[in-house]
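Let's take a walk through this one, beginning at the ligand and then moving out along the chain. Keep the viewer open as you read.

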Amino acid sequence: MVLEGLRNAVTKFLKGGSTYKDSVEEFIKDLQRELIKSDVNIKLVKELSENIKKKALEEEPPSGISRKEWFIKIVYDELSNLFGGDTTPDVEPKKIPWIILLVGVQGSGKTTTAGKLASFYVKKGYKVGLVAADTYRPGAYEQLKMLSNLSGAMFYGDQNNNKAEEISINGVEYFKNKNADIIIIDTAGRHGYGNEKSLLDEMRNISNKVKPDEVILVLDSSIGQKAFDLAKQFHETTPIGSIIVTKLDGTAKGGGVLSAIAATGARVKFIGTGEKIDELELFNPSKFVSRLLG
Ligand code: GDP
């Protein structure tokens, strides 16, 4: 694991000659600086620091472990707990068909991710259907159709209909008749910032009619501090169950993701690591913590 930022702070902490309390305070300052540099929401950084400090100063280490070693463990644990701890995300459908609604800002990578998810589940042996309900972005229909071919998933779309709600209902019906195990609906993103009532209304309508089993927010890793408000807005429209973070192959550290988790209580399930259909990975909390601090 490359944990440069944290590692430096850890070395400083372990070698430092100051008292335990002073070292803890200093380490927490370093940690805060690293997290804020990575776009993590300030409020969240404060909460996290307080939790770590409280544990470090009020609790006693178990026997056999030095106080300083124990402190480092507290820091790692608290950080990865925010992302769901050691557990691998559960991505199996809980019923058949399992209906997934993808939401997010235009350009976040929704359509690409729909294709990647389809491919992931087809490879696992599921029968997958993709519904093209993004009626705003020119090219979204063709893009999803192409991705369904590439992934081996079935495709439903209707270019003569601009009502995303109708397409979604018809698509789900179509795939139920085809005995699909997993149905993935790609919705319009538009901008997602500010007052975008029509988009949010459309999403709410689709959700009310189709009753998805899982609403997944697709989030560009470079979103930064805006992530909190954005995720909150989506979450209030239709409760977000999980998050997929895209473009983690780029330079963004993805700190905004923590804010999105705080706003929704959702778990990150997958990350996108490239433009290709197989560039999707199961989310790994400790690896992500490393990236955030590395
Ligand atoms: P949508 O408007 O949300 O449906 O976004 P698209 O799926 O069209 O994606 C927007 C752009 O981001 C496209 O150029 C994609 O190839 C690119 N993209 C999506 N996911 C990733 C990723 O994980 N890594 C990289 N590098 N590019 C991605």
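Start at K110, where a backbone N or O atom lies 2.8 Å from an oxygen atom of the ligand. Right beside that, look for T111: an N or O atom in its side chain is 2.8 Å from an oxygen atom of the ligand. E275 joins in through its side chain too, with an N or O atom 2.7 Å from a ligand oxygen. As for how covered the ligand is, it would expose 590 Å² taken alone, and the protein buries 82% of that. Bear in mind that this is a predicted model.

Now zoom out a little. The ligand sits in the largest pocket. There are 17 residues around it, and the ones that come nearest are G107, K110, T112, D249 and E275. What is the chemical mix of that shell: how many nonpolar, polar and charged residues? The split is one nonpolar, 10 polar and six charged. Helix α5, residues 110–123, supplies the largest share of the shell, with four residues.

Since we're at helix α5, let's follow it along. S119 belongs to this helix. Is S119 buried or exposed? Its relative accessibility is 6%, which is under the 20% cut-off, so S119 counts as buried. In space, S119 is 8.1 Å from S148, C-alpha to C-alpha, though the two are 29 residues apart in sequence. V122 is also placed in helix α5. With a relative accessible area of 24%, V122 falls between the 20% and 50% limits and is therefore partly exposed. V122 has its own partner from elsewhere in the sequence: G152 is 30 residues away along the chain, yet the C-alpha atoms are 6.7 Å apart.

Finally, a few backbone details to check. Most residues other than glycine have a negative phi, and most peptide bonds are trans. Against that background, have a look at the bond joining I96 and P97, which is cis, with omega about -5°. P97 lies in the loop between α4 (67–82) and β1 (98–104).

Two residues stand out for phi. N179, not a glycine, has a positive phi near 60°, and its place is the loop between α7 (164–177) and β4 (182–187). N179 counts as exposed because its relative accessibility, 56%, is over 50%. K247 is not a glycine either, and its phi is positive at about 60°. You'll find K247 in the loop between β6 (242–246) and α10 (256–264), where its relative accessibility of 37% makes it partly exposed.

Key
Residues numbered from 1 in each chain as written. Predicted model: local features only at pLDDT ≥ 70, side-chain atom pairs only at ≥ 80, totals over all residues. Heavy atoms only, no water. Near = heavy atom within 4 Å. Polar contact = N/O pair within 3.5 Å; in protein donor to acceptor, adjacent residues only side chain to side chain. Areas by Shrake-Rupley, 256 points an atom, 1.4 Å probe, with all protein chains shown as cover. 1 Å grid on protein atoms, 1.4 Å probe; cavity = no way out; pocket = protein on both sides within 12 Å on 5 of 7 lines; lining within 4 Å. Sits in = over half its atoms within 2 Å of the grid points. Nonpolar A, V, L, I, M, F, W, Y, C, P; charged D, E, K, R; others polar. Buried < 20%, exposed > 50% of the residue type's maximum accessible area, 1.4 Å probe, protein only.
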